[in-house]
Amino acid sequence: MSEKGRNRLLVLLSVAHSLNHSLFLIAPPLLLIIMNDLKTSLGALGIVGTAGSIVYGVGSLVGGPLSDRVNEVRIVTICLAFAGASSLILIFASNIFIYGIALILMATWAGLYHPTANSLISKVFRGHMAEAMGFHGVGGTLGVMFTPIAAFALGIAFGWQFSFLFFGALSVVVSLLFLKNKFKQERFRSQSSIREVFGTPGLWRIFVFNIVLGLYMKGLEYFLPAYLVLKPFQVLDKGSAEFWAAVSATLVLVSGVLGQWLGGKSADVFGSKKVLIATSLGVLAGLVFLQFTPFWFIGVPAFIVLYGLSFYGHQPALNSLAGIMTPKDRRGIVYGMLFFTSFGLGSISLAITGYLMEHSVDLSFYVLTAFAVGALLLSLIIPDVRENKESKAKVTT
């Protein structure tokens, strides 16, 4: 593939990554409107959302092995097209049952994306893999940042179904662009199983690190706004506290955009292990500032910068390291397992953190901090493997 073709592929994958996340961020700002229109309850909508999340996570275990056996560009094209097309079902959504079918179908197809895209990037961008992973990650983070606002505005103006249709249509359009470009890639057919993957030297350390990382990540992702309202922002009035909690969560993502880019560039220069140690230390430092700084106007901004840069900065480093350590014909399986261990198994912390917050808000975040300490210690035993620079695919985006 030519350099121009590689860069065009990376841009399209970054847009696809944004849309992949967008499909799951449309509903939250419109939940009350959807509830009233479908004459259902928030509990029922929550069950549908949980089912979709589980299907999305399990889909990575299917998408990974599938991408090792089939052309990755084809899989990305298919998952974009069918996830987007599934939004059409919502035109007929007059009850929670039809709504649930649509969301689960979207999650089924969208779940194939992450391991397939990461596997494809690891094979095409040899020599600058981490940088490419970082650019791809920026696309996903931007989608997380802007989708709730856009979805709410479209839903208020044209109806909640239109928000889904809009992002679904964009997904189909991007899938057509993949078809139009006819990207060519090397073929690495695999007959490997998940059991054989664990025979890769040192890879189990990556999986254990990723599980612990997922434990603090999922808890923070879900409960950070509530913690901010109950602790550092408790000195503000209720409306102001909730507003600044929402702003703070958004600013973490803004910081994360820079983190993705810096993490990828740094991993190519200094090696992934050093970046993972540094970012694990940054996450821990951010949590310490958040909980133990007496002045919220110092602790919260410090957390936003340190956690945003560090957590999102680790992603391209970890993904590139997994690619370097894994034979080309097994990368889809490995990336599928990485996604499942952090987003799937990491979801256990939602129940743990939620239970603890009912008894002690401080204790709940002490536990998340303990997970961050565990991740830092595990980062020290991660293999220090560098990419072979003989065959380069330079990123010039």
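Here are four short exercises on helices, a surface patch and a loop residue in this predicted model.

**Exercise 1. Work out whether helix 8 has the span expected for its number of residues, and where its buried residues sit.**

Solution. Start with the length: helix 8 covers residues 160–181, which makes 22 residues. At 1.5 Å a residue you'd expect 32 Å, and the distance from the first C-alpha to the last is 33 Å, close to that value. Next, pick out the buried residues: W160, Q161, S163, F164, F167, G168, S171, V174, S175 and F178. Looking down the axis of helix 8, you'll find them within an arc of 165°, so they line one face of the helix. The spacing in that list has a simple background: an α-helix has 3.6 residues a turn, so residues three or four places apart point the same way. Now see what this face packs against: helix 1 (3–22), helix 2 (31–38), helix 4 (72–86), helix 5 (96–110) and helix 7 (129–158). Finally, step just past the end of helix 8, where K182 has a positive phi of about 50°.

**Exercise 2. Do the same for helix 16: check its span, then find its buried face.**

Solution. Helix 16 has 19 residues, which should span 27 Å at 1.5 Å a residue; the end C-alpha atoms are 28 Å apart, so the two agree. Its buried residues are V361, S364, F365, L368, T369, F371, A372, A375, L376 and S379. Seen down the helix axis, they fall within an arc of 150°, so here too the buried residues line one face. Among the elements covering them are helix 10, helix 12 (272–292) and helix 15 (348–359).

**Exercise 3. Find which residues make the nonpolar surface patch and which helices supply at least two of them.**

Solution. Go to the surface and look for W204, V208, V373, L377, L380 and I381; together they make a nonpolar patch of about 520 Å². Then trace them back to their helices: helix 10 (203–230) and helix 16 (361–379) each give at least two patch residues. Take V208 as a test case. This valine lies in helix 10. Its relative accessibility is 32%, so V208 counts as partly exposed, since that class runs from 20% to 50%.

**Exercise 4. Locate K39, give its phi and decide whether K39 is buried or exposed.**

Solution. First, the location: K39 is in the loop between helix 2 and helix 3 (42–69). Next, the backbone: phi of K39 is near 55°, a positive value in a residue that isn't glycine. Last, the accessibility: exposed means over 50%, and K39 has 75%, so K39 counts as exposed.

Technical notes
Residues numbered from 1 in each chain as written. Predicted model: local features only at pLDDT ≥ 70, side-chain atom pairs only at ≥ 80, totals over all residues. Heavy atoms only, no water. Helix = DSSP H or I, 4+ residues; strand = E, 2+ residues; numbered from the N terminus. Expected span 1.5 Å × (residues − 1). Buried < 20%, exposed > 50% of the residue type's maximum accessible area, 1.4 Å probe, protein only. Arc of directions from axis to C-beta. Contact = heavy atoms within 4.5 Å. Patch = residues over 30% accessible without salt bridge, like charges linked within 9 Å, V, L, I, M, F, W, Y side chains within 5 Å. Areas by Shrake-Rupley, 256 points an atom, 1.4 Å probe, with all protein chains shown as cover. Salt bridge = Lys/Arg side-chain N within 4 Å of Asp/Glu carboxyl O.
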